[in-house]
Amino acid sequence: EGLKILQISDMHIGPYIQLSDLEDLLARAADLAPDIILVTGDICDHKPDYLTALRLLENAPARLGVYASLGNHEYIRGIGRVRRHFDKTTIPLLVDEGLSIPVGDATLYLGGADDPRFLRSEKSYQRLQHSVEKAVADASSEAFTLLMSHRSQALDYAAPLGGVDLILAGHTHGFQFGLGGRSIFEPFFPQSYIWGHYQKENTQLYTTAGVGHWLPFRFGCPPEAPLFTLHSA
């Protein structure tokens, strides 16, 4: 009750988003006093800045810490290098696994799904499914279970499992065109959960439009780092 979660996704530090933008974001976030910060992939596209970006995130004020999962750009930029950077920080990188975090008398179980690189073939969808299953396999029925997945399609695999309360995803950028808080492309890709809040069975999903962008423009789909506050149903 009252737990505040800040999600940072798809920063794509590089041509259009700078390290200074991340510093400004974290300074603004500090005023909101998040309890935990979750980073759901695609952190940095400029290789020399990757570790520096992680250092900024590592030092962000959050009493329960900062945790991360992988996006497809971590693979594009070199997954070996990325993992070595994470190893130099205190940020847990959750891949096909999860952990339990005590929160007062309650427990938050936090899982991290791997990214399938490209989500096109049947094999790639199976890879995502298996990763989701592994990420939450150790969650207890008493815990609030939260899954970090760069791909929003994790909802289709997490919901039938039961017990996954919330998924935080990114990747799509809302396709950078929106109307009324939804991507204008939503009618054409109804199973892609492009931007916003969704629910399937008892599992809720939020797909963020992300902090960064592919091209330097957005229409009706502003960049965002959403802050969630949990309340009893």
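**Notes on helix α5, histidine 85 and the α1/α2 pair**

1. Let's start with α5: its buried residues (under 20% relative accessible area with a 1.4 Å probe, protein chains only) are Ser124, Leu128, Ser131, Val132 and Ala135. Looking down the α5 axis, these fall within an arc of 100° (taken from the directions from the helix axis to the C-beta atoms), so they line one face of the helix. On the other side, Glu122 and Lys123 are exposed (over 50%).

2. A word on the source: this is a predicted model, where local features need pLDDT of at least 70, side-chain atom pairs count only at pLDDT 80 or more, and totals for chains, interfaces and linings use all residues. Residues are numbered from 1 along each chain as its sequence is written, and side-chain values use heavy atoms, with hydrogens and water left out.

3. What do the buried residues of α5 pack against? They meet β4 (97-103), β5 (106-112), β6 (144-148) and α6 (154-158), with contact meaning heavy atoms within 4.5 Å. Helices here are DSSP runs (H or I, at least four residues), as are strands (E, at least two), numbered from the N terminus.

4. Next, histidine 85, which sits in helix α4 (residues 79-87). With 12% relative accessibility, histidine 85 counts as buried. Setting aside neighbours within four places in sequence, histidine 85 touches Lys47, Tyr50, Leu51 and Leu54.
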